[in-house]
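Q: Could you take a close look at one charged side chain in this model and at the pairing it takes part in? Please then carry on from there to the other features that a computational chemist might want to check.

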Amino acid sequence: MDSATIRAASLSLSSSPSSFFSLLPNPNPSPNHGLFSLRFPGGDLPMFKSIRCVQSPPPDSAPSSQSPLKPNSRTRGFSLSCSVVTFSPSKTSELASSKLDRLISEFQALEEPVDRVKRLLHYASLLPPLEESARVAGNRVMGCTAQVWLEVKMDGEGKMRFAANSDSEITKGFCSCLIWLLDGAAPKEVLALKTEDLAALNVGLPGAGHSRVNTWHNVLIGMQKRTKALVAERAGKPRPDAFPSLIINADGIRAKGSYAEAQARFLFPEELRVKELVNVLKEKEIGVVAHFYMDPEVQGVLTAAQKEWPHIYISDSLAMADMAVKMAKAGCQFITVLGVDFMAENVRAILDQAGFGEVGVYRMSNERIGCSLADAAATPAYMNYLEAASASTPALHVVYINTSLETKAYSHELVPTITCTSSNVVPTILQAFAQIPNLNIWYGPDTYMGANIRELLQQMTTMTDEEIAVIHPQHNSDSIKSLLSHLHYYQDGTCIVHHLFGHEVVEKINEMYCDAFLTAHFEVPGEMFSLAMEAKRRGMGVVGSTQNILDFIKQRVQESLDKNHSDHLQFVLGTESGMVTSIVAAVRNLLGSAKSSSGSADVTVEIVFPVSSESMTKTPSNSSLGQNSVEMRDFIIPVIPGVASGEGCSIHGGCASCPYMKMNTLSSLLKVCHHLPHEKEVLSDYEAGRFHSETPNGNSIADVGCEPILYMRHFQAKKELPEKLVTQILHHPHINGRSTRIGNNVNFN
């Protein structure tokens, strides 16, 4: 008993029934014990040593907030004030977990959903009111269907105190249960509770189960985030620096941190520069396709110019070639490509396939504009990887679109190949394995994406067959397990940008942004991927392509506007920072439309740039200290404009930006446009030329390299692999490591 922890907890009970407690006459009353005893479902709890109850008249005041799940003390009859002396030889987290077990047992004992809802509504009525001063934006819980306010404090004994309210009675019931579980608990008890522990408390109306689960989870995460902050504050730890961010509302944009200020500077370009670009594009009938990762200065001008010239399109790499074809059909004589070289190659090849060989295609540099992923696939190591794949028949090579046409051609002659994007890679793999049983699937070159695909499929094995069928109707748990044993991915290819989203960034997100919406590209490292997938399960995140990320943010903003109440939405941007221009444009359009149409409540959107210390730029200490520089130990860390300006690296935030993409400058775009069409010789190094070389089998690189892209387009349209690809997989010859099969003049409409 010397090691026992003695603890007293005060409970107030009434004579009205409660499924948590049963109040029975004490068969052996004595002066040292009360006249009644408490019994809990399933027997006495081991942590309760003795309970003393004293009868008292009904109080006139409102119910105490210490036990929100007690019946209303205003009911008729007597009330008891009970002193419960407990001891716990183990961790105090047992107290909260025991409460949770009782709570789960109570709701599971109610078989009808309507009865569980009624019970939750009863508990909602017992939630003490929240002071009006606490119903502020800083106390809002993000991600809930209803408005939820949460106030968190630490008392003098270091125990956590919670108060909450909501405009939804169901949500108030959730809050009431969570506060009963955790109010007065030690911080470690609060932090020990996992969102998975609440899975059995999916209480809600039919058809609304998912959003109800999100409420449990999001309120708990809000409790835990603020608990961590208060623990650190009491320990005297300095508040960690926040990531840089942009805050957007209907009236304008505000930047937090010098990196965000650099990003914001070019969101409102000079009118003269916009006019100059529009005039030359119109005069010479030039279309522009640009990737989301462009320098913000370039994107700012392009976004403004779109209002006066329709043949400007900013997108992910897949859509760039499609839009180039549409521009050619609309009469554009030239297409300028703002991206890396493989994007220009794809545009050139797809235009040729579509019959627009006379339309010129131009890059933005007279030097090579590379890509770390594309380079990883253009190595002997990757060809060796495919040699092994070709020997494992039947085999399919699923290659990321972010590779060169030459790589696609060489790969396709070794192993039947289909391209993919970050948004369709999983559906492609699932469909391929469903169409061709025991198919060996070899993905490359992105190692992080390959590992994330495997992790996602591994998570699917824990789902029911019905849940898996929703994702793909031809799969179940057994087929997914079989697929995992046939899935391979390349081990030595990464994107230099998404590599930055590693352990350091994940730790800071967990600490400071665990209650925010989390977006992540499929190429991020595993820790960031797992974090985003967990957020996705709560309705608080998205994992996918750049377009998926943009669509998710727009959807959440629109949902908030539809509710017509003030809100602050915080999104962590887990991809290249150049995405912010398109995000800001889309968000401002939504906010502006809502303001002009109805004068709705104020909604602000914060875009957070998570950045690792690896990306900070350091300069020697003998550098001059400029206006935008900060001195730190032996280094001066200035705001570096970057290759094309607009990118800043400082202690306020580093650069999650692609140096290759930043080779696409506004001055280069204007140079190309001004020299067209009569001074093409000046632009010879800028032109995206055709491949006149051949594959090892003597076939046209352009013809063979386009075939995997066209297979992907067929899959997107028909949701199945094309017959020709299936035939190539099943009858693929492997002679001396080379396939003799070729594909010429293939077209799928």
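A: Let's start with Glu559, which is partly exposed at a relative accessible area of 35%. Please keep in mind that this is a predicted model. The side chain of Glu559 meets that of Arg556 in a salt bridge, with an N to O distance of 3.4 Å. Both residues sit in helix α20 (residues 546–563), and they are 3 residues apart, about one turn of the helix. The two partners differ in cover: Glu559 is partly exposed, whereas Arg556 counts as buried because its relative accessibility is 16%, and buried means under 20%.

The general idea behind such a contact is simple: side chains of opposite charge can pair when their charged atoms come close. A search of the whole structure finds 12 salt bridges, so it is worth setting a few others beside the one in α20.

One of them joins Lys724 and Glu707, whose side chains meet at 3.5 Å, N to O. Here the partners come from two helices, with Lys724 in α24 (residues 723–730) and Glu707 in α23 (residues 701–718), so the pair ties together parts that are 17 residues apart in sequence. Lys724 counts as partly exposed at 33% relative accessibility, while Glu707 is buried, with a relative accessible area of 0%.

Another salt bridge is formed by the side chains of Arg140 and Asp567, at 3.2 Å from N to O. This pair links distant parts of the chain: Arg140 lies in the loop between α2 (113–125) and β6 (148–154), Asp567 lies in strand β20 (residues 567–574), and 427 residues separate them. Arg140 has a relative accessible area of 13% and is therefore buried. Asp567, at 12% relative accessibility, counts as buried too. There is also a network of salt bridges, which links Asp155, Arg161 and Asp183.

Now for charges of one sign. Asp465, Glu466, Glu467 and Asp478 form a negative surface patch. Helix α16 (residues 465–471) supplies the largest share of that patch, 3 residues. Asp478, for its part, lies in helix α17 (residues 477–486). With 58% relative accessibility, Asp478 counts as exposed, since the cut-off for exposed is over 50%.

Charged residues are not confined to the outside, as helix α13 (residues 405–414) shows: 8 of its 10 residues are buried, which leaves the helix mostly covered. Among the buried residues of α13 are Lys408 and Glu413, along with Leu405, Ala409 and Leu414.

Met294 is another covered residue, and it gives you a handy long-range contact to check. Its place is in the loop between β10 (286–291) and α8 (296–305), and at 0% relative accessibility Met294 counts as buried. The C-alpha atoms of Met294 and Leu338 are separated by 7.3 Å, although the two residues are 44 residues apart along the chain.

If you are setting up covalent links, the structure holds 0 disulfides. Cys332 is buried at 2% relative accessibility, and Cys514 is buried as well, with a relative accessible area of 15%.

Finally, a few backbone details deserve a look. As a rule, most residues other than glycine have a negative phi, and most peptide bonds are trans. Against that background, a cis peptide bond joins Gly444 and Pro445, with omega about 0°. Pro445 lies in the loop between β16 (440–444) and α15 (447–460). The bond from Leu676 to Pro677 is also cis, with omega near 0°, and Pro677 is found in the loop between α22 (666–675) and α23. That α23 is the helix that holds Glu707, the partner of Lys724.

As for positive phi values, Glu285 has one of about 55° although it is not a glycine. Glu285 lies in the loop between α7 (271–284) and β10, and it counts as partly exposed at 38% relative accessibility. Asn438 has a phi near 60°, again a positive value in a residue other than glycine. Asn438 is found in the loop between α14 (425–435) and β16, and at 48% relative accessibility it counts as partly exposed.

Conventions: Residues numbered from 1 in each chain as written. Predicted model: local features only at pLDDT ≥ 70, side-chain atom pairs only at ≥ 80, totals over all residues. Heavy atoms only, no water. Patch = residues over 30% accessible without salt bridge, like charges linked within 9 Å, V, L, I, M, F, W, Y side chains within 5 Å. Areas by Shrake-Rupley, 256 points an atom, 1.4 Å probe, with all protein chains shown as cover. Salt bridge = Lys/Arg side-chain N within 4 Å of Asp/Glu carboxyl O. Lys, Arg positive; Asp, Glu negative; His and termini not counted. Charge placed at Lys NZ, Arg CZ, Asp CG, Glu CD. Helix = DSSP H or I, 4+ residues; strand = E, 2+ residues; numbered from the N terminus. Buried < 20%, exposed > 50% of the residue type's maximum accessible area, 1.4 Å probe, protein only. Disulfide = S-S within 2.5 Å.
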